[in-house]
Amino acid sequence: MNQQQTAAKAGHDGEPRIRVRGLGKHYGALEVFKNIDFDVGKREIVAIVGPSGCGKTTLLRCIDGLLPHDTGEILVGDTRVTEPIAGVAMVFQHFGLFPWKTVSENVAYGLRMAGAPKAEIARKVPEFIKLVGLAGFENAFPYQMSGGMQQRCGLARALAVEPNVLLMDEPFAAVDAQTREILQFELLRIWQERPTAMVFVTHSIEEAVLLGHRVIVLKGRPSSIHETIVIDLPEPRTRETLQHPRFAVLRERVWSTLMAEAREAEFVLER
Ligand SMILES: Nc1ncnc2c1ncn2[C@@H]1O[C@H](COP(=O)(O)OP(=O)(O)OP(=O)(O)O)[C@@H](O)[C@H]1O
Ligand SMILES: [Mg+2]
């Protein structure tokens, strides 16, 4: 599929891959979020922004099946999520690599957990290491690599299982600004080659608008969806997207939505 075709297929047309319906979650007495409803298309990136502590990580862990939810339901394809299911991969903020394993071993781990046969692991590990630009570092340990390289390794591990759902929890938050920009465009390149349903949590409004086909803004305590902003920027997203006049308009829109939330939160605290 070429990039134009991919672009035409991007978005939330057709059957969704992920369906979240009336989702609610408590930790003991703390109600984290309630009434969360959204879909993610098979070839769609949905970015989620919201204040610290509003439950973004919790939401991803519920979709991943790592955490039970209290109310509502999550469907991935036709499967109701009650435990981790095949085809869903997560990339964490702090890389989540095994420090005692090399790059190859870390990438192989996800495949081994997914029950892939040895021959498939041997074929895929170098393929995905190359895809994320880490060729030559197969035998390096995490401590021998920069943060950006470690995050590439985390990405390779998630991508190697060829997920149809990719959950990203602030994956670029721990790298410097320049590396972050490089990784954002690398991710877009990889996504254009292998589109999946992606939920991308970030604190960066720019990142949300650059990557997302829609941006969901969470608000309140317990939080719920305050607004969903459609990011109608041309595909494929590239470095030029940042210069597009509509980019500035949408960034401002997400920013003012988030700031309204922050002001309201302050007001509640003051009272
Ligand atoms: N295992 C847990 N047990 C009890 N409370 C928790 C647990 N994990 C998170 N919380 C609480 O739930 C709320 C939501 O946490 P969560 O980590 O999902 O937020 P977040 O939106 O990802 O925040 P951040 O932007 O800082 O990463 C917070 O108030 C947090 O203190
Ligand atoms: Mg979080």
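Biologist: Which helix gives the most to the shell around ligand 1?

Modeller: Happy to start there, keeping in mind that this is a predicted model. Strand 2 (30–43) and helix 2 (56–64) each supply at least two residues of that shell. With three residues, the largest contribution is that of helix 2.

Biologist: How many residues of the shell around ligand 1 are charged?

Modeller: Ligand 1 has Tyr27, Leu30, Val32, Ser52, Gly53, Cys54, Gly55, Lys56, Thr57 and Thr58 around it. By class, four of the shell residues are nonpolar and five are polar. The number of charged residues in the shell is one.

Biologist: Good, now the domains. Which helix provides the largest share of the side of domain 1 that touches domain 2?

Modeller: Domain 1 covers 3–87 + 165–270, and domain 2 covers 95–162. Ten residues from domain 1 and eight residues from domain 2 make the contact. Four residues on the domain 1 side come from residues 177–193, that is, from helix 6.

Biologist: And how far apart are the C-alpha centres of domain 1 and domain 2?

Modeller: The two domains are 3–87 + 165–270 and 95–162. Between their C-alpha centres, the distance is 25 Å.

Biologist: Are helix 3 and helix 4 parallel or oblique to each other?

Modeller: The axes of helix 3 (residues 103–113) and helix 4 (residues 118–131) come within 9 Å. Their crossing angle is roughly 125°, and the crossing is right-handed. Roughly antiparallel would need an angle over 145 degrees, and roughly perpendicular one of 65 to 115. Helix 3 and helix 4 are therefore classed as oblique.

Notes: Residues are numbered from 1 along each chain as its sequence is written. Chains are lettered from A and ligands numbered from 1 in the order in which they are written. This is a predicted model: local features need pLDDT of at least 70, side-chain atom pairs count only at pLDDT 80 or more; totals for chains, interfaces and linings use all residues. Domain bounds come from an automatic or database domain assignment. Two residues are in contact if their C-beta atoms, placed from the backbone, lie within 7 Å. A residue is near a molecule or strand if its C-beta atom, placed from the backbone, lies within 6 Å of it. Ala, Val, Leu, Ile, Met, Phe, Trp, Tyr, Cys and Pro count as nonpolar, Asp, Glu, Lys and Arg as charged, and the others, Gly among them, as polar. Axes are lines fitted to C-alpha atoms, for helices over the stretch in contact, and angles run from 0 to 180 degrees between N-to-C directions. Angles under 35 degrees count as roughly parallel, over 145 as roughly antiparallel, 65 to 115 as roughly perpendicular and the rest as oblique. A crossing is left-handed if the near helix is turned anticlockwise from the far one by less than a right angle, and right-handed if clockwise.
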